[in-house]
Amino acid sequence: MAKIYTEKDADLSPLLGKKIAVLGYGSQGRAWALNLRDSGMNIIVGLERKGESWKRAEQDGIFPQLTEDAVREADVIIFLIPDMAQRTVYLEKVKPIMKSGVDLVFAHGFNIHYKLIEPPLTSDVYMIAPKGPGPTVREYYMRGGGVPALVAVHQDVSGSALKKALAIAKGIGATRAGVIETTFKEETETDLIGEQTVLVGGISELLRAAFTNLVELGYQPEVSYFEAINEMKMIVDLIYEKGITGMMTAVSDTAKYGGLTVGKKLIDDNVKRKMREAAQRVRDGSFANEWIEEYNKGMPTMKSMLEDLKNSKEEQVGAALRELALRGKPKS
Ligand SMILES: NC(=O)c1ccc[n+]([C@@H]2O[C@H](COP(=O)([O-])OP(=O)(O)OC[C@H]3O[C@@H](n4cnc5c(N)ncnc54)[C@H](O)[C@@H]3O)[C@@H](O)[C@H]2O)c1
Ligand SMILES: CC(C)(O)[C@@H](O)C(=O)O
Ligand SMILES: [Mg+2]
Ligand SMILES: [Mg+2]
């Protein structure tokens, strides 16, 4: 049974009074900075330049500093900039400037697991990896809840790395939802496999294929969008609240029978074999190497695929329907 920590297991005190530098003010950076601040922790935000993130932080009442200035003062440094940017920032703006014995903290294990960052042996190195998108980390915290997370310790010089990781987990609201102890290896591999095969990759392409199938059969695109894409939120909300069996109780017997039998035919051994291949490429480092190479070329494949997605029929129909769909959305 996994070790799961909740509110009663965590305490802010190991980090109270410590200067915590949050590097980055994007998806997770904004959520962590605001949640940690609202939990009473002493945070500073470090950014590369006075761009969009800088403005956004100021609008939130946070006065950022340049990365090197934030790093100079920090007892704890949290990397909340894109995975591919972390190595350069670490080598150029963190390592030469940071105090000896500073804690290095991550929200995902990529750079440590694939050895892009090799931290000094004098630092505690630990991770709190939220199992949800950054804006949701902020939204759930504001509502009194939290997004669950994983914690892992890579180096424990002080002997209290886990306690400090749990303090941050509590500060961002994760212990309200449950925090599971893991390793950098397990977090990195499961996170990448999950986002590729289901959360980001699998689900998007399943929805798009279902939409295209309906449109090609001659059904109205708007009807196809509601059926294949828009309703997914309501089905996933039911799964989130009540499990897959609970969701089944909310749909008709006709949907249950058709879904159970046809679903198995669609997600067959061939799909499972391809999921296993994707997992293997994460586990043997081929995906990491491919992504590093793509990033170093300026991300041409990712940019062109995002452009194709943006221009797709389903996205255009969705945008046109969004206003209408939002009108039906509950206010809170
Ligand atoms: N996005 C998520 O919901 C999510 C969930 C779990 C874990 N994580 C992890 O959290 C970390 C941060 O991811 P994110 O998606 O929040 O990042 P992001 O893409 O939202 O980060 C944007 C921030 O990084 C800064 N930035 C962008 N490029 C930079 C560069 N080259 N050098 C320095 N700063 C740069 C931007 O100014 C901005 O403040 C990653 O390790 C990621 O794997 C993200
Ligand atoms: C939000 C996700 C997909 O779970 C995260 O892992 C990410 O990389 O953004
Ligand atoms: Mg991820
Ligand atoms: Mg994830």
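A residue is called buried when its relative accessible area is under 20%, exposed when that area is over 50%, and partly exposed in between, with a 1.4 Å probe and protein chains only as cover. The model toured here is predicted, so local features need pLDDT of at least 70 and side-chain atom pairs count only at pLDDT 80 or more, whereas totals for chains, interfaces and linings use all residues. Residues are numbered from 1 along each chain as its sequence is written, chains are lettered from A and ligands numbered from 1 in the order in which they are written, and side-chain values use heavy atoms, without hydrogens and water.

**Stop 1: Asp191 and Glu195**

Select Asp191, which is buried because its relative accessible area is 18%. Then add Glu195, which counts as partly exposed because its relative accessibility is 29%. Both residues belong to helix α8 (residues 184–199) and stand 4 residues apart, about one turn of the helix; helices (H or I, at least four residues) and strands (E, at least two) are DSSP runs, numbered from the N terminus. An α-helix has 3.6 residues a turn, so residues three or four places apart point the same way.

**Stop 2: the magnesium ions**

Display ligand 3, a magnesium ion. Its protein donors are Asp191 (OD) and Glu195 (OE), at 2.0 to 2.1 Å. Donors are N, O and S atoms within 2.8 Å of the metal (3.2 Å for Na, K and Ca); water is not among the atoms, so sites may look incomplete. Now add the magnesium ion that is ligand 4: the two ions, ligand 3 and ligand 4, are 3.7 Å apart, and Asp191 coordinates both.

**Stop 3: ligand 2**

Keep Asp191 and Glu195 selected and show ligand 2, which is surrounded by these two residues together with Pro133 and Val200; a residue is near a molecule if one of its heavy atoms lies within 4 Å of it. An N or O atom in the side chain of Asp191 is 2.9 Å from an oxygen atom of ligand 2. For Glu195, a polar side-chain atom likewise lies 2.9 Å from an oxygen atom of this ligand. Taken alone, ligand 2 exposes 270 Å², of which the protein buries 61%; accessible areas come from the Shrake-Rupley method with a 1.4 Å probe.

**Stop 4: His108**

Move to His108, in the loop between β6 (103–106) and α5 (110–113). His108 is buried because its relative accessible area is 10%. Its side chain makes a polar contact (a pair of N or O atoms within 3.5 Å, one able to donate a hydrogen and the other to accept it) with the side chain of Glu187, at 3.0 Å. Leaving aside residues up to four places away in sequence, His108 touches several residues, including Asp83, Met127 and Asp191, where contact means heavy atoms within 4.5 Å.

**Stop 5: ligand 1**

Select ligand 1 and the 21 residues that surround it; the closest are Tyr25, Ser27, Gln28, Ser53 and Asp83. Three distances to oxygen atoms of the ligand can be displayed:

- Gln28: 2.8 Å from a backbone N or O atom.
- Ser53: 2.7 Å from a polar side-chain atom.
- Asp83: 2.6 Å from a side-chain N or O atom.

Taken alone, ligand 1 exposes 830 Å², and the protein buries 70% of that. Helix α4 (83–94) provides the largest share of the shell around ligand 1, 4 residues.

**Stop 6: helix α6**

Finish at helix α6 (residues 134–142), whose buried residues are Gly134, Thr136, Val137, Arg138 and Tyr141. Their cover includes α1 (27–38), β7 (125–130) and α7 (161–171). Just after α6, select Gly144, which takes a positive phi of about 95°.
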